[in-house]
Every structure is written in structure tokens, then in C-alpha cells.
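Work through the two exercises below with the coordinates open, and compare each step with the solution given.

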Amino acid sequence: MNVSVIGTGYVGLVTGASFAFLGHRVCCYDVDLAKIEALQKSIIPFYEPYLEILVDEQVKKKQLFFSCSLDEFFAQSDIVFIAVGTPTDPQSGAVDMTYLKKAALEIGKNMQPHRYYVVVNKSTVPVGTHQLVEELIKESLQVSGTKDVAFAVASNPEFLREGNAIEDVFYPDRIVVGTYCPKALALLEELYRPLIEQSFTLPSFCPQRPQNLGRVPFVKVHPLSSELIKYASNAFLATKITFINEIANLCDLFGANIDEVSLGMGLDQRIGPSFLKAGLGWGGSCFGKDLKGLIHDGKKMGYAAELLQKSLQNNYSQRSRAIYKLQQALKTLRGRRIGLLGLAFKAQTDDLRDAPALDLIEKLMESDCTVKVFDPVAMENLKRLRPQWPLVYAIDEYDLAEGCDGLILVTEWKRFHGVDWQKIHSLMKNPLLIDGRNFLDRQRLEAFGFVYSGIGR
Ligand SMILES: NC(=O)c1ccc[n+]([C@@H]2O[C@H](COP(=O)([O-])OP(=O)(O)OC[C@H]3O[C@@H](n4cnc5c(N)ncnc54)[C@H](O)[C@@H]3O)[C@@H](O)[C@H]2O)c1
């Protein structure tokens with residue numbers, strides 16, 4: 001099939017590269033010319049394991065193309081994915097639909113007569129957006145005077161996790177599709193067949209198929225349900241983390257150990273072990289904006305989603321636990337030199353959207369601290385995003401530790417396990433370590449002389 005993808009960010013690029021790998025011809029479109037020019041040379045604009053080599057292979061095989069404007073290839077597409085950003089409107093908390101609306105209008109404008117298109121919302125969109133997209137395409141077709149075009153709109157939310165995107169897209173837990181149109185449903189089922197049947201083999205450098213993965217459920221639902229499944233999933237996962245963080249804060253007071261509590265809870269099959277890792281709270285581009293979007297839309301319908309509101313608030317206050325723990329240990333923070341181990345909102349990505357590190361840096365600067373930072377891949381992004389911040393960018397963990405009154409581990413990069421902690425200890429002015437991800441071995445660090453504080457440990 002010919003597949004077009006509108007919006008070549010994390011989701012669009014991974015989607016495009018994956019369908020190209022599965023044998024379809026794919027063109028990824030983006031309004032960002034610099035991004036498209038880089039991608040044409042197989043330069044990936046963000047860090048995502050395995051993606052660069054996958055893209056490069058498909059570009060060389062002429063299965064994957066990139067373009068800035070909807071062209072001849074688009075006109076011949078069978079399936080068009082919309083994967084543009086749907087950020088939060090900072091004023092209202094609503095989902096900002098500007099990019100999505102523009103994309104829908106552009107799609108309508110470029111559709112050709114005597115063809116059938118399936119337009120698929122892969123972006124996370126408010127409930128009801130499939131209707132909006134359909135209306136915008138019709139409006140655009142009317143303006144351009146194009147007749148005899150048949151199209152159907154489907155919702156097909158994406159559940160990939162940054163840093164695990166290839167694994168998540170090729171070995172999904174489920175594929176959710178919502179559409180009224182049986183023909184569109186059949187085409188999408190055909191497109192996804194290799195994933196549903198797991199009838200492909202990824203190159204050996206990619207993550208291999210999990211042993212227990214069988215046929216992947218293709219979940220056919222009403223489009224309204226499909227749109228809500230995505231929001232509800234993210235709201236649930238965010239709240240599960242917020243829940244365990246609250247238990248961790250209680251552990252700190254009771255003297256219990258959250259690792260043990262999570263283990264004992266997670267073995268209950270009704271609860272399950274994932275997302276029971278306490279820490280400084282979640283970040284990233286999705287949880288916050290999706291919670292805000294859902295709360296906002298509920299409010300518009302006269303419903304205050306109080307649990308979700310509290311979940312959101314608690315997550316942001318959880319980030320301050322690190323500051324509270326620093327204050328407990330150091331008393332006044334004024335004039336202290338604090339180092340942040342990790343900046344990205346999670347390991348295996350350079351994404352800083354809604355990253356706890358940003359809040360922590362601001363709070364430390366407000367407290368008149370000197371802030372040193374180190375992250376293996378996200379430092380260039382921070383320099384670009386906050387060029388005005390007077391930070392000390394360290395070249396590695398040892399450079400970071402030098403002269404510090406305290407370190408906060410913010411991102412659970414695997415390499416932090418392997419550093420020479422004895423050397424770090426010797427370089428610090430005061431060997432205080434706040435482990436914001438409960439990632440390090442407390443006993444080992446204490447044996448080196450660190451004053452260690454985790455979250456609920
Ligand atoms: N990042 C994730 O982990 C993730 C996971 C699941 C779902 N989602 C959802 O997927 C959507 C995309 O997220 P993302 O992280 O890939 O966003 P992103 O910001 O990385 O990428 C969006 C891209 O769309 C482009 N764009 C905007 N308007 C366009 C237009 N009219 N035509 C062509 N390109 C256009 C932008 O230039 C940008 O490159 C969002 O709705 C998000 O909530 C994201």
C-alpha cells in the first residue's frame with residue numbers, strides 16, 4: 001500500500017519507518033523544512049534507539065521518502081496518518097488543535113478525484129475529533145471544488161513509549177481502531193496484518209520478539225471509544241505512578257521501604273508490577289497534556305474529574321521532594337552547588353518536554369544555588385531550550401560531582417550504575433546523594449560514605 005504520514009515527529013517517523021520496513025511505500029511529510037532535509041540524509045532529529053539505522057535502510061531501499069509538501073505520492077496514497085502535535089493550550093488547558101486542523105484542511109485540499117483514502121488520526125486527540133477531521137476535509141474539498149473523492153476517517157491511537165518506540169510499535173500489546181466504515185477497517189487490518197500475526201522478523205540489531213507474544217489483539221471499537229482509550233490509558237498510568245509516589249512518601253514517614261511494598265503489591269495479579277516504581281514523578285510530552293486535555297473536556301461537559309486533577313497536582317508537587325530532601329540535609333540552599341545527574345524526562349531519550357529536571361533547576365536557581373548538569377544525550381536540547389539559564393554543563397559524571405554539596409539523580413540512565421562512585425565521593429564537597437529514581441544501590445553507596453536518600457526507601 002501507499003502510506004502517507006503527516007507530521008514527522010516521534011510518532012510520525014517511527015510509524016513511517018515501521019510500515020516501510022513491513023513492505024509498504026511510505027512518505028513522511030512535515031512543515032519543518034530543516035527536519036525534512038536532515039531526514040532525507042537519514043539524520044534523525046532526536047534520540048531514539050535503533051531508529052536511525054531502520055530509517056537509513058528504508059531510505060536506501062526506496063521504501064521511505066520525506067517531503068515538505070503534499071505531492072504526487074500523497075495523491076496516490078491509500079492510507080494517510082495524521083501524526084502532528086496536539087499540545088496543551090497554556091491558557092485554557094485545552095488541547096491546541098491548530099496543527100491538526102491545518103493538517104486536515106491540507107489533506108482535503110490535496111485529495112484527487114476517483115480515489116478512496118483512509119485518513120487515520122494517530123495523534124492523541126480529544127474525543128470526537130474524527131468528526132471534526134471529516135468535516136474539515138469535506139470543507140476543504142468543497143473549497144477546492146474536487147469531486148468524486150471517497151474517504152473515511154479512523155481513529156488509531158498510538159501507545160509507543162519514547163526510548164522503547166521500536167519495540168512498542170513492532171510488538172504492541174494491542175492495536176486499537178475506531179471507524180464507522182467497514183472498508184476502512186478492512187484496509188487498516190490488512191496494513192497491520194504483519195503486526196497482528198507477528199509474521200516479520202526484525203534485523204538482529206533491533207529488540208527481538210518477547211517470548212510470550214502471540215497474536216496481537218486488533219481491537220475494533222467505536223471511534224469515540226478509540227479516542228478515549230488513549231486518554232484513559234495515559235490517565236491510568238499517570239495515576240498509578242502518582243499513587244505509588246504517595247505510598248513512597250508515606251514510607252518515608254513510617255520507615256518502610258517502597259521497593260518492598262511495590263514488590264508485595266505488584267505480585268497481586270489484580271495490580272501487576274509495572275508502573276509501581278516510585279520517584280520524582282512522571283514527565284514527558286504525553287501524560288501531562290493528556291490529563292489536562294481530559295480534565296478540560298470533562299469540565300466543559302459539566303464534570304469535574306477530581307481524581308485526575310489531584311493526580312496531576314500531586315505529580316508536580318512530587319518533583320519538590322528532591323528539594324525538600326536537600327533542605328533537610330543541607331538546611332539553607334543559598335550558595336550551594338548542586339549537580340543533576342540526568343535531564344531527560346526518562347532514560348533512552350533526549351526529550352525534555354515537561355521534564356522534572358526543568359522544574360528542579362528553576363527551584364534550585366530560585367534558591368540561589370549554582371546548578372551543574374550532566375546528561376548523556378539531552379544537554380544540547382537544554383542549551384537550545386533555555387539558553388539564558390546560567391548552568392554549568394559538565395562533560396561527565398566526575399566533572400559534575402566536582403565541588404558539589406549534593407547530587408540529585410533525575411534520570412535513570414543505565415550508565416550511572418557503572419560510574420566509579422568512590423571517585424565521585426572523593427570529588428564532592430559534601431557527599432549527599434538524592435536518588436530521585438530509586439535507581440542506585442543504597443548499601444553500596446553508603447559503604448562509600450555517601451549520605452543517601454531515595455524516595456520512600
Ligand atoms: N511522543 C510520544 O511518545 C507519543 C506517544 C503516543 C502518542 N503521541 C501523540 O502523537 C502526536 C505526535 O506526537 P509527537 O511526539 O510525535 O510530536 P512532535 O512534536 O515530535 O512531532 C509533530 C510533528 O508534526 C509536524 N507538523 C505540525 N503541523 C504539521 C502539518 N500541518 N503538516 C505536516 N507536519 C506538521 C511538526 O513540525 C512536528 O515535526 C501527539 O498527539 C502526541 O500526543 C505521542
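The exercises concern the ligand site and one helix.

The model is predicted, so that local features need pLDDT of at least 70 and side-chain atom pairs count only at pLDDT 80 or more, whereas totals for chains, interfaces and linings use all residues. Residues are numbered from 1 along each chain as its sequence is written, and side-chain values use heavy atoms, with hydrogens and water left out.

**Exercise 1.** Describe the shell around the ligand and its polar contacts.

*Solution.* Begin with the residues that have a heavy atom within 4 Å of the ligand: 26 residues surround it, and the closest are Asp30, Lys35, Thr86, Glu162 and Lys289. Next, divide this shell by residue class, which gives 11 nonpolar, eight polar (Gly counts here) and seven charged residues. Then look for polar contacts (pairs of N or O atoms within 3.5 Å): a polar backbone atom of Val11 is 2.9 Å from a ligand oxygen, a backbone N or O atom of Thr124 also lies 2.9 Å from a ligand oxygen, and a polar side-chain atom of Arg353 lies 3.1 Å from one. Of the 830 Å² of accessible area that the ligand has on its own (Shrake-Rupley, 1.4 Å probe), the protein covers 88%. Finally, because domain 1 (2–221) and domain 2 (230–316) both give residues to the shell, the ligand lies between them.

**Exercise 2.** Which residues of α10 (258–266) are buried, and which are exposed?

*Solution.* Taking buried as under 20% relative accessible area and exposed as over 50% (1.4 Å probe, protein chains only), one finds Ile258, Ser262, Met265 and Gly266 buried. These four cover an arc of only 90 degrees around the axis, taken from the directions to the C-beta atoms, which puts them on the same side of α10. On the other side of α10, Glu260, Leu263 and Gly264 are exposed.

Notes. Polar contact = N/O pair within 3.5 Å; in protein donor to acceptor, adjacent residues only side chain to side chain. Domains from an automatic or database assignment. Helix = DSSP H or I, 4+ residues; strand = E, 2+ residues; numbered from the N terminus.
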